[in-house]
Amino acid sequence: MKKQLMVTAATLGLLTLGLAACSATKSDAQTSKPKDKLTVVFLPSDSTKEAGPVRNDLSKLIQKATGRPVEVQTTTDYNMAIQAISSNKAQIAVMGPDSYIEARNQNKHVNPLVTYSGASGTLKDAFYHSYLMVPKDKADKYREGGEFSLKALKGKSISFVAATSTSGFAVPAGAIAAANHVKKTDLQQGGAFFSKVLYGQSHQGSAVNVLKGDVDVAAFDDVDLVHYGKFGGDMAKAGTTFTVDAKAEAPFDAVRGKSTVAIGTYSVQNGPIVMNDSGLSKSEISALTKALTSQSTTDNPHFFAPKDSKVHGLTTQTGKVHYIAIADDWYAPTHKILDK
């Protein structure tokens, strides 16, 4: 009997060791399980072929900072990007101020990680320019008493970027509405104030619409056009010109050498890189912020392209530009402008 009990005990001991080994193996497997992927979504202006290296470098930065695989989502429509980040189908997005605010209105978990500074290296001059431009040879038709006037736009045709674009719709449309005592909603489609309204779905597309002669005037910004041509004059004032380079790539290859003139110029707060914080841990958010504000990121031309460079960057290096961590309250002026 004792012998039988001893054998049974030994057997139980072996079984216990076996179960422990299985448990350890299972635990190790769980520990080494691949982390869930992160998705980063881009607006149409940064979804072009030329912006491929930009998307690649940002993806590498995110993966290195978080240790999670990264998937890139490009878009052809602003609403696609807004819905992706607000629904947490994407956890990170590169956006304009209006797109960010719209996404945040849908989900308070959408918050800015960083924005880029002005040339001073601070937030004091952290803004870019939105324009209403017309063909250079027709600019005098929009003058009253020697000055450019937005009242001359009534009955004309226009191209905006998208109804959710800050610099491509909200700000310039607000200026037109104020000058003509109409509602912004009256400007969204032809027949009310404008004879025709087109949407380019990117700043490049909107600019091409006026350069090709499909519309009389177009709204677009400077930061998305610097790689395709040159701005002349005081970029902060009406009268600024934009001329397409002789070797500009698509979609400007059909309008090379053509020029436009700004009949209206407006300052817009710099856009953010945003997150849906419900899809990220606090340590991941901290790591991402540290990586984006690092010197190596500042020195990367795909984030901050040198002035007059043919390299496509998220923005242009015009001095001491770098990323600065911000919170939603920094966008209070834009919230006010957009009546959000």
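**Note on the predicted model: burial, helix α4 and His203**

1. Of the 340 residues in the protein chain, 51% are buried (under 20% relative accessible area, with exposed over 50% and partly exposed in between; 1.4 Å probe, protein chains only). This is a predicted model, in which local features need pLDDT of at least 70 and side-chain atom pairs count only at pLDDT 80 or more, while totals for chains, interfaces and linings use all residues. Residues are numbered from 1 along each chain as its sequence is written, and side-chain values use heavy atoms, leaving out hydrogens and water.

2. The protein chain has nine helices and 17 strands (DSSP runs numbered from the N terminus: helices are H or I with at least four residues, strands E with at least two). Among contacts (heavy atoms within 4.5 Å) between residues at least 6 apart in sequence, 70% join residues at least 24 apart.

3. Helix α4 (residues 97–106) is largely enclosed by the rest of the structure, because seven of its 10 residues are buried. The buried residues in α4 are Pro97, Asp98, Ser99, Tyr100, Ile101, Ala103 and Arg104.

4. His203 lies in helix α6, which covers residues 203–211. His203 is buried, at a relative accessible area of 3%. Leaving aside residues up to four places away in sequence, His203 touches ten residues listed here in full: Ser45, Tyr78, Val161, Ser165, Ser167, Gly168, Phe220, Asp221, Asp224 and Leu225.

5. The side chains of His203 and Tyr78 are joined by a polar contact of 3.5 Å (a pair of N or O atoms within 3.5 Å; within protein, one must be able to donate a hydrogen and the other to accept it, and residues adjacent in sequence count only if both atoms are side-chain atoms).
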